[in-house]
Amino acid sequence: MASTSTHEASYTSSNPLSYDLFLSFRGVDTRKNFTDHLYTTLVTHGIHTFRDDEELEKGGYIAADLSRAIEESRIFIVIFSKNYAYSTWCLNELLKIIESQKESMVVPIFYHVPPSDVRNQLGCFDDAFSFHEKDADQKKKEMVQKWRIALRKAANLSYLYESKVIGQIIEEILRKLGPTHLYVGKNIVGMDYHLEQLKGSSFLADVREQSKDNAGLLKLQNQLLDDTLAGAYRRKSNIHEATHEISNKLRLKRVLVILDDVDKQRQLDYLAGDSEWFGSGSRIIITTRHKNLVALDGANQSYEPRKLNDEDAIKLFSLYAFKQIVPKENYKNLCDNAIKYAQGLPLALSVLGSTLSSKRGIHEWENELRKLEKEPNMEIYHVLRISFDGLSRVEGEIFLDITCFFKGKDRDFVSRILDGAKGEISNLCERCLISVVDSKIHMHDLIQQMGWEIVREKCRNKPWKQSRLWDLDEVSSVLAGNAWTKAIEELFFNLSAQKEIQFTTETFAKMNKLRLLKVHQDAKYDHIMEIDQDVHFPLVALPGDLKLPSFELRYLHWDEYSLKHLPSNFCPMNLVELNMQCSNIEQLWEENKLLKKLKVINLNHSKHLVEFPSFAMMPNLEILTLEGSISLESLPTNIDKLQHLQTLSCHDCSKL
């Protein structure tokens, strides 16, 4: 029996032969059980396998394509079963294998038959040969004799029983195949020569997932040894023995080892603990989301991949979308939108290109790109989310705060509001989730979209249950409906957008977890005020009995606050920053409130401000700006109590 049914090979070798393994078996005996299981496992391990197909049997003769498959295979598994010898196809196939002078690469497996029956044609094999010899002419008798010799030779080889664990059979095959050689891609030029200089190579994929316990780590160690030593060692049973084996057996071999997605120092300690473990000229490549795992010294170099420029991004995207390096003429504008969405991230470009390649016509492309404005591509999302899932609880919360509210903001400002989060911000940088440039926190748009999705995913279509609200449509819906809002911790919205929001006494009353509240004008507001202080945006009317829960509140920013003072229930014991520029405030609050955590007050251009609270009540104040507060005639005399004051600005306070 033969087959033209193959799986795409992911296991490659320096041997130019087409197949790693040829699988010969009698379908009626084993196809639905042992052989199917074995074949699936072979393919899973990347072993390019040619499998018999019973439907191709035609009169017992070996077709030309099957002959070619045998000639172009490196290893042969022959599964002897009760009905194997009844098939002239199987016997001719075995004869062809034996005559190919590759006996040393034949692995017999005996499925419910003893080797002696195959070797000596006894039992069911004797019955089968009696059937073949019945009424046989001279030519047929000569062929029967050749079959007997082939069976004897095959049965005398080192063999396995079907009772042996499939995994052990795979190990035997991998050892026979020898060291793996890495596939470097069809468009990479000049690499073959360099790889040929190596004495072995190993690609350990997904180290993070594979090494969550000692068993997984040991599996990776044994794979490294398998790949580089081609089975010339005994598999180790614990990580300490395997570590010693790696450092001892590879110290004189020039190898290439790639450790993919490393996230803990322990993984490096057991897989590539020291450069002296490997021979001179070896290359150890580590990919990681943690910059701090790659210690730099004279022997090590670090490379951080950069975003692709637009020209290269278009080429990569087009290869996946159109199978060419330039966009199709009618799709150029849509391609520009896709490139803008991906922002140079190769993962996004390849995934998005592949997704759009299956869409028919411009209309489907437009729909797919429009959908991305509301929700992320889930393949991209799940890859990016891996970095988030590795964060501690506190780091994760700070990441989401930055995602929703602090992208582009000053690092010191963010750290101050988030209770001294400098360490966590540094860790987020190490994980490549954010970057800090000129003291500003930056984040790729797709990572931000991933963060938004994390906030929304547990309460889909129920924004009032989200911990953070920033989308104007969702904010308007929640506030207009006066919904149950106890879950909300952070609320930001832009008053200058074309959305009319009516505030009532109870709008914020149920938000007992509220930590950050920002009611602001658009991004140009501060710049406009610097140029012309007389320019004002329309005030939003607030009820005089507004309730504002404030015990958890750390940050309050409200542009053009319309009331004369903060609500009577306002007692912000945890408040760090108060920003109420261009407000109608006359007095912040009537009674003294001890605010030990308050560090910043900004009441710039609050033209009706006439009285300021005692400085003794805010002993840790660092920044006070009152510019343009033209009605303020004096400050409390106990300003000397402000031992931490760094900035005091009273420019254009004409009555002071």
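**A walk through a predicted 656-residue chain**

The buried residues of helix H3 pack against strand S1, helix H2 (64–71), strands S3 and S4, helix H5 (124–133) and helix H6 (138–155), where buried means under 20% relative accessible area, exposed over 50% and partly exposed in between, with a 1.4 Å probe and protein chains only. Helices (H or I, at least four residues) and strands (E, at least two) are DSSP runs, numbered from the N terminus. This is a predicted model, in which local features need pLDDT of at least 70 and side-chain atom pairs count only at pLDDT 80 or more, while totals for chains, interfaces and linings use all residues. Residues are numbered from 1 along each chain as its sequence is written, and side-chain values use heavy atoms, with hydrogens and water left out.

Helix H3 covers residues 88–99, and its twelve residues reach 16 Å from the first C-alpha to the last, close to the 16 Å expected at 1.5 Å a residue; the expected span of a helix is 1.5 Å times one less than its number of residues. Nine of the twelve residues of H3 are buried, so that the helix is mostly covered, and these nine are Trp89, Cys90, Leu91, Asn92, Glu93, Leu94, Leu95, Ile97 and Ile98. Just after H3, glutamine 101 takes a positive phi of about 65 degrees.

Helix H1 (residues 27–44) departs from the straight form: 18 residues would span 26 Å at 1.5 Å a residue, but the end C-alpha atoms of H1 are only 21 Å apart. The helix has a kink of about 50 degrees centred on phenylalanine 34, the bend at a residue being the angle between axes fitted to the seven residues ending there and the seven starting there. Phe34 is itself among the buried residues of H1, which also include Arg31, Leu38 and Tyr39. The cover over the buried residues of H1 includes strands S1 (19–24), S2 (49–51), S3 (73–80) and S4 (106–110), together with helix H7 (166–177).

Further along the chain, leucine 217 lies in helix H10 (residues 214–229) and is buried because its relative accessible area is 0%. Leaving aside neighbours within four places in sequence, leucine 217 is in contact (heavy atoms within 4.5 Å) with Gln210, Ser211, Ile239, Arg266, Gln267, Tyr270 and Leu271. The C-alpha atoms of leucine 217 and asparagine 238, 21 residues apart along the chain, are separated by 9.3 Å.

The next stop is the nonpolar interior. A nonpolar core is a set of buried Ala, Val, Leu, Ile, Met, Phe, Trp, Tyr and Cys residues joined through side-chain atoms within 4.5 Å. The largest such core has 53 residues, of which Phe317, Trp365, Phe399, Ile402, Phe406 and Met450 touch the most other members. Helix H18 (residues 393–406) gives the largest share of this core, with seven residues. A second, separate core of 45 residues includes Val519, Leu546, Ile585 and Phe612. Tryptophan 365 is in contact with Phe317, Ala321, Phe322, Tyr331, Leu334, Cys335, Leu356 and Lys359, its neighbours within four places in sequence left aside.

Cysteine 335 is buried, with a relative accessible area of 3%, and cysteine 429 counts as buried at 17% relative accessibility. The sulfur of cysteine 429 is 8.9 Å from the closest cysteine sulfur, in cysteine 432, and is therefore too far away for a bond. A search of the whole structure finds zero disulfides, a disulfide being a pair of cysteine sulfur atoms within 2.5 Å.

The path ends at an open sheet of eight strands, in the order S11-S12-S13-S14-S15-S16-S17-S18, with parallel pairing; two strands pair if DSSP finds at least two bridges between them. Its edge strands are S11 (468–469) and S18 (647–649), each of which pairs on one side only. Strand S13 (residues 516–520) runs parallel to S14 and is joined to it by four bridges, with leucine 516 opposite tyrosine 555 and leucine 517 opposite leucine 556. Three bridges join S14 to strand S15 (residues 577–579), again in parallel, and here tyrosine 555 stands opposite glutamate 577. In a regular strand the side chains alternate between the two faces of the sheet. Both faces of S14 (residues 555–558) are covered, since Tyr555 and His557 on one side and Leu556 and Trp558 on the other are all buried.
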